[in-house]
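Trainee: Could you take a close look at the salt bridges in this one for me? I'd like to know which parts of the chain they bring together, and whether the partners sit buried or exposed.

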Amino acid sequence: MLRLILSFFLVLFLTELSAQITGRVTDDNGKPLSTVNIYLEDTTIGTTSNNAGEYELSGPDSGEVTVVFKYLGYKTQKHRITLGAAPYRLNIKMAEERYSLDEVIISATEDPAYRIIREAISKRKSMLERMKSYKADFYSRGLIRIRNAPEKILGQDLGDLGGGLDSTRSGIIYLSETISKISFEQPDKLYEKIVASKVSGDDSGFSFNTAMDVNFNFYRNTIEVGNQIVSPIADYAFNYYRYTLEGVNYDDKGNLINKIKVIPRRENDRIFEGTIYIVEDQWSIYALELSLTGVQAQIPPAGTINLNQQFSYSEDDELWVLISQKIDFDYGIFGIEGNGQFTAVYSNYEFKPNFGERTFSREILSFEESANEKDSVFWFTYRPVPLTFEEKTDYFKKDSIQEIRKSKHYLDSIDAKSNTFKAGDLISGYDYQNSYENRYWNFGSPFSKFSFNTVQGWRPGITIDFRKEYDEFRKYLQFSSQFEYGLSDERLRGFGRITYKFNNISRPFLTVYGGLKVEQYNSEEPILPLINSISTLFFEDNHMKLYERAYAGLAYSQEWFNGFRFRSSLSYARRKPLFNNTNYVLVNDKNDSYNSNNPTDPDAYGIPVFETHNIFKFQLSATINFGQRYFSYPNSKVNIGNPKIPSLALYYESGLGSSKDDYNYQMIMARLWQGFDIGNKGSFQYNLKAGTFFNAEDMAFVDFKHFNGNQTHIGTSDSYTNVFNNLAYYDLSTNASFFELHAEHDFRGYILGKIPGVNALNFNMILGGHVLATERNRPYYEFSVGIDNIGFKKFRLLRLDYVRSYQGGYIGDAWIFGIKFLDFIN
């Protein structure tokens with residue numbers, strides 16, 4: 001205990017010794033001021049004050065310097081000091097600054113703010129060009145708190161969240177810091193080298209804080225904060241904002257600063273509100289204090305998100321550069337509430353650097369060796385924003401107990417409690433774990449796979465899964481299985497797979513799989529068991545068509561090089577047609593009855609669509625993510641898609657060695673897909689597929705190319721770019737050439753947000769178009785218009801679409817009711 005106490009006081013002591021200039025900033029009443037910009041005059045060397053008003057600033061070892069204290073709403077102060085051997089303590093009281101309209105000529109027709117904003121908009125592109133390239137040092141700190149955390153959520157114990165909760169189940173659940181060096185070149189080249197990374201309670205962890213995640217440039221038309229949010233100085237900003245000049249003042253350099261209130265025209269548009277400060281004549285951003293809601297960002301758990309940026313003028317480069325940024329937010333969902341903040345400091349800018357040819361590549365983030373092993377002395381020396389007492393306490397508490405929490409005795413005691421079987425586990429499932437050995441078992445609830453179909457009847461099922469983790473989950477061995485029993489066909493079936501992941505860089509997976517399984521003819525399984533059960537039992541619509549497969553196979557996949565991943569598999573199967581075994585219904589319509597299980601003929605009762613046979617199947621595919629970027633972590637690689645360039649997948653499939661020669665075949669297919677934002681006008685995505693068969697004239701129907709239809713009128717996915725919502729499941733299945741196209745545009749409030757009354761609902765309009773062309777059939781078309789983001793408060797998981805279909809003329813229409821969480825449940 002004495003050693004821990006001494007360690008804590010050592011932290012406090014080293015904090016004071018780590019910087020040449022330290023102090024505290026308060027207002028006239030002694031209240032601490034946070035995010036005060038403190039920097040050495042005529043440099044980009046600076047820091048900000050923390051929530052307690054404390055700051056630390058590094059400078060030259062000796063000599064005279066001028067320290068500038070700048071904070072919105074307060075008078076800028078400059079202090080000339082002489083540095084020596086010991087840290088210099090400089091406490092500051094800041095006086096409020098008055099923004100006045102005394103010098104402003106007020107027009108009777110237009111607020112002066114509009115003239116200023118027009119000038120800022122006209123200079124927007126030139127400001128981006130002037131920041132064409134640079135290097136800078138970057139520091140980030142992230143902190144997330146939780147309040148009154150429940151003991152359980154969705155039946156799962158929350159525990160104490162790594163030791164972050166106090167007796168009221170409140171506290172810090174995430175505290176992390178990074179120090180990095182960033183390189184940037186227009187329009188969007190950014191490379192970040194993380195020098196140091198620290199996570200509270202995990203001395204081997206790596207922070208999630210990165211510069212690119214908080215790269216909010218308001219000189220761009222939109223800023224991505226969950227959604228594409230319109231900048232107050234975007235080219236089309238007047239369509240979204242009103243402005244009021246609240247006053248003007250002069251900074252310490254004699255620049256006239258305009259304080260402008262930013263007012264949304266419509267409450268639920270993708271917009272900010274707050275204050276922006278513009279420098280007269282230069283029309284640069286001096287600072288901003290803006291906020292938006294989770295509704296506007298369409299981030300359901302978020303409450304209010306506040307964003308504060310402050311800029312400093314670089315005399316040498318004649319630029320106003322971002323030197324500090326702070327994001328505050330609160331959140332709440334499923335009874336969990338809390339708040340957090342992310343602080344960023346930019347310093348030591350170097351403009352127009354000479355970048356080498358290899359400065360920018362597909363690698364956009366990497367870590368220096370031992371970046372997560374920096375000691376306390378390093379952090380006390382280079383951390384630009386001092387820790388608050390709350391943060392020091394959290395680091396001290398979690399770091400001191402992490403060895404205990406990793407010990408076998410502690411982990412076994414926690415496991416003993418969580419492994420205790422409870423009656424409720426019959427409904428939610430049972431988990432058993434050995435945390436010390438990184439072994440985990442899951443026994444699914446017998447109700448989780450309970451469903452009904454006309455082949456098996458009532459079908460209870462259970463899942464059994466096992467996972468053994470290695471090297472902090474970078475490698476693992478995983479076994480998954482499912483067993484089910486059909487009460488009507490009186491058949492027990494089971495299937496499973498064993499997968500080994502070799503590393504977390506190229507992610508090679510080797511899988512052995514096999515079993516006896518009832519499957520849909522369409523291997524993409526367009527009908528969920530739950531939806532089929534309801535459709536069958538209540539409406540006598542048994543759309544799900546099934547056959548039996550007894551199989552064994554081997555599969556391997558790996559990323560050969562960045563952006564190129566290949567997959568291959570070889571399997572052997574005995575495939576058998578199945579027939580209806582029950583007429584049971586819950587709601588019986590005397591004028592209706594079940595169709596046959598033959599997908600090509602609803603009246604072909606007892607007539608198989610293919611003959612029982614054995615067949616080998618070989619599959620080979622390659623996925624090419626053009627322009628794929630990535631983060632390099634020690635022993636790990638995280639791929640980041642590039643929305644500007646589409647992705648391409650190539651497939652080859654062959655049925656061979658069949659016990660029925662006519663069932664051998666070959667098929668090739670290509671797929672091209674992409675999704676991207678279109679500024680304030682929403683997002684667009686498309687999905688193209690085309691392919692053809694060879695030697696397939698008499699192949700088994702099960703191997704035809706089937707297209708995802710939807711006869712239940714229930715949508716279960718976030719988007720409909722892989723489904724024809726008014727097409728029967730097997731009407732256009734083919735063993736010849738085919739082409740399909742899906743496209744959707746989500747306006748994300750661009751249209752509905754402008755309609756009075758409707759904009760209060762925060763709905764999104766979606767337009768869709770779908771085309772399917774197959775040999776021997778006329779092209780099939782679908783057009784749809786839908787409303788997304790339907791729900792109540794934070795729970796917006798519903799969607800409603802109207803669909804019209806054509807094939808040589810009008811066929812019909814349908815309403816599709818989308819329930820996004822159903823796919824997750826199944």
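**Salt bridges across the chain**

Mentor: Let's set the scene: this is a predicted model, and its chain has 10 helices and 45 strands. Of the 826 residues, 51% count as buried. A search of the whole structure turns up 43 salt bridges.

Start with Lys-689 and Glu-524, whose side chains meet at 3.9 Å, N to O. That pair links distant parts of the chain: Lys-689 is in strand β39 (residues 683-694), while Glu-524 is in the loop between β31 (509-520) and α9 (529-539), 165 residues apart. Lys-689 has a relative accessible area of 7%, so it counts as buried, whereas Glu-524, at 37%, is partly exposed.

Now go to Lys-617 and Glu-653, another salt bridge, with the closest N and O atoms 3.9 Å apart. Here Lys-617 belongs to strand β34 (residues 613-625) and Glu-653 to strand β37 (residues 647-656), so the bridge ties together parts 36 residues apart in sequence. Lys-617 counts as buried at 18% relative accessibility, and Glu-653 is buried too, at 13%.

Then there's Asp-788 with Lys-820, a salt bridge at 2.7 Å, N to O. Asp-788 lies in strand β43 (residues 780-792) and Lys-820 in the loop between β45 (810-819) and α10 (822-825), so this pair joins parts 32 residues apart in sequence. Both Asp-788 and Lys-820 are buried.

Last stop, a group rather than a pair: Glu-41, Lys-78, Asp-252, Lys-253 and Glu-315 are linked in a network of salt bridges.

Conventions
Residues numbered from 1 in each chain as written. Predicted model: local features only at pLDDT ≥ 70, side-chain atom pairs only at ≥ 80, totals over all residues. Heavy atoms only, no water. Helix = DSSP H or I, 4+ residues; strand = E, 2+ residues; numbered from the N terminus. Buried < 20%, exposed > 50% of the residue type's maximum accessible area, 1.4 Å probe, protein only. Salt bridge = Lys/Arg side-chain N within 4 Å of Asp/Glu carboxyl O.
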